[in-house]
Amino acid sequence: MNQTVSLQQLADKIGASLHLADSDSADTQIHSLSTLASAGNGQISFLSNSRYRSQLEKTAAQAVILKSEDLSHCQCSALVMDNPYVGFALAAQLLDSTPRSADGISPLAVIADNVELGKNVSIGPHAVIESGVKLADNVQIGPGCFIGKDAIVGANTKLWANVTLYHRVVLGQDCLIQSATVIGADGFGYANDKGRWVKIPQLGTVVLGDRVEIGASSTIDRGALDDTIISNGVIIDNQCQIAHNVVIGENTAIAGCTVVAGSTTIGRHCTVGGLVGINGHMEICDNVYITGMSMVTKSINKPGVYSSGMPATENREWRKNGVALRNLSTLNQRVKALEKSHLK
């Protein structure tokens, strides 16, 4: 729903000090956000990187969220705080015009007789809610969703269209699940009997904590025996694969197309870049930052930044580097032989 807020309300919301231009008052209304280059009357923008200071000097925005050192370059009203990017996020929440995924309970939804519905629950058309499900207060279930038997969805959690929750999956409060995500599908568990794959039933489930957000078309597999655990405040981007019995610690962020193999534990406050592959049965400690396209093949027990992906180069240079890499073992042997002869 579109709304307007005053500059003072915005400043109070984001914890900023308000510096007014001569033409404004604390009651001047803001209706939306925009970039420094595109903003106009009634819009607020932000500056978190000094490289864009030239845009600040020219902006037509009604107000800008910025740091104190940039205030002298601002010709319009300013909301001054230490972290303008966080201020932008909080302002965006206040001015959020994203619609609900459902309003009320559609007569086209299929809901089992013994489903427990909290207050103000909304369920969109063609959603299927199976027996034993518990939906807490203010839950939104978008069109076409499937909620399997005995699943639990916490208060204020929102599912966009066509989300699938398998049986006994548990979602905490204030979670956001984007479209086409599947939570609780079978993990990849098989035993090999003389070349024949024997399926291992996946008897655990998936438990999400509070304030977890999962991007579109991601998959989180249920545990084989114990549960797959996604802790409070975790954010996972689009098209990620989280395998069975993975445990992800609080406030960790995982970018798009990353794959985490089974029974791996990732600590708290970690950041995993896009297209990262993390091997199974490993532990990654707290405060680890893995850059995009890395391949993690062993446990990490020391906080810090880790990389392995190679940046793209011209094909000619890449081919030369490939030849050098193939000859690395021979070169290493020659160096060792030279070292031995030198010692003699």
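Guide: Two strands pair if DSSP finds at least two bridges between them. The model discussed here is predicted.

Visitor: Which residue of E25 stands opposite Ala185?
Guide: Strand E20 (residues 182-185) and strand E25 (residues 219-221) run parallel and are joined by 3 bridges. That count satisfies the requirement of at least two bridges. Within E25, the residue opposite Ala185 is Asp221.

Visitor: Which residue in E20 is the bridge partner of Leu165?
Guide: E20 (residues 182-185) also pairs with strand E17 (residues 164-165), in the parallel sense and over 2 bridges. The bridge partner of Leu165 in E20 is Ile183.

Visitor: Which residue does the UniProt annotation "active site" cover?
Guide: The annotation comes from an unreviewed UniProt entry, and such annotations may be inferred rather than shown by experiment. The residue concerned is placed in the loop between strand E28 (241-242) and strand E29 (247-248). The record's "active site" covers His244.

Visitor: Is His244 buried or exposed?
Guide: The cut-off for a buried residue is under 20% relative accessible area. His244 has 16% relative accessibility, so His244 counts as buried.

Visitor: Which residues is His244 in contact with, leaving aside its neighbours within four places in sequence?
Guide: One of these residues is Asp221, which also stands opposite Ala185 as part of E25. The contacts further include Gly187, Phe188, Gly189 and Gln202. The remaining names are Arg222, Gly223, Ala224, Thr228, Gly262 and Ser263.

Visitor: In what order do the 10 strands of the open sheet stand?
Guide: The pairing in this sheet is parallel. Strand E10 (122-123) and strand E38 (304-306) each pair on one side only, which makes them the edge strands. Read from one edge to the other, the order is E10-E13-E16-E19-E24-E27-E30-E33-E36-E38.

Visitor: Which residue in E19 stands opposite Leu159?
Guide: Strand E16 (residues 158-159) and strand E19 (residues 176-177) pair in the parallel sense over 2 bridges. In E19, the residue opposite Leu159 is Ile177.

Visitor: Which residues have the most contacts inside the largest nonpolar core?
Guide: This core has 47 residues. The elements that give two or more residues to it are strand E23 (206-208) and strand E36 (288-290). Apart from it lies another core of 14 residues, among them Val5, Ala11, Ile30 and Met81. In the largest core, the residues with the most contacts are Ile141, Ile236 and Ile278.

Visitor: Which residues does Ile236 touch, not counting residues up to four places away in sequence?
Guide: Several of the residues touched by Ile236 are isoleucines, including Ile214, Ile220 and Ile230. Others on the list are Glu213, Gly215 and Ser218. The list is completed by Ile242, Ile248 and Ile254.

Visitor: What distance separates the centres of domain 1 and domain 2?
Guide: The domain assignment gives domain 1 (5-95), domain 2 (110-306) and domain 3 (315-343). Taken over C-alpha atoms, the centres of domain 1 and domain 2 are separated by 37 Å.

Visitor: Which residue in E7 is the bridge partner of Leu18?
Guide: Strand E2 (residues 17-19) runs antiparallel to E7, with 3 bridges joining them, whereas strand E6 (residues 63-66) runs parallel to E7 and is joined to it by 4 bridges. From E6, Ile65 stands opposite Leu79. The bridge partner of Leu18 in E7 is likewise Leu79.

Visitor: Which residues point the other way from Ser77 and Leu79 in strand E7?
Guide: Strand E7 comprises residues 77-80, and its four residues named here are buried. Ser77 and Leu79 point one way. Those pointing the other way are Ala78 and Val80.

Visitor: Is the aromatic pair of Phe46 and Phe88 stacked or tilted?
Guide: The search of the whole structure finds 4 aromatic pairs. In one of them, Phe46 and Tyr85 are tilted, at 5.7 Å centre to centre and 50 degrees between the planes. For Phe46 and Phe88 the values are 4.4 Å and 20 degrees. Planes under 30 degrees apart count as stacked, so the pair of Phe46 and Phe88 is stacked.

Visitor: How many residues apart in sequence are the parts tied together by Phe46 and Phe88?
Guide: Phe46 lies in strand E5 (residues 43-46) and Tyr85 in helix H3 (residues 84-94), so their pair ties together parts that are 39 residues apart in sequence. Phe88 also lies in helix H3, so its pair with Phe46 ties together parts whose separation in sequence, in residues, is 42.

Note on methods
Residues are numbered from 1 along each chain as its sequence is written. This is a predicted model: local features need pLDDT of at least 70, side-chain atom pairs count only at pLDDT 80 or more; totals for chains, interfaces and linings use all residues. Side-chain values use heavy atoms; hydrogens and water are left out. Buried means under 20% relative accessible area, exposed over 50%, partly exposed in between (1.4 Å probe, protein chains only). Contact means heavy atoms within 4.5 Å. A nonpolar core is a set of buried Ala, Val, Leu, Ile, Met, Phe, Trp, Tyr and Cys residues joined through side-chain atoms within 4.5 Å. Domain bounds come from an automatic or database domain assignment. Rings of Phe, Tyr and Trp (its six-membered ring) pair if their centres lie within 6.5 Å; planes under 30 degrees apart count as stacked, over 60 as edge-to-face and the rest as tilted.
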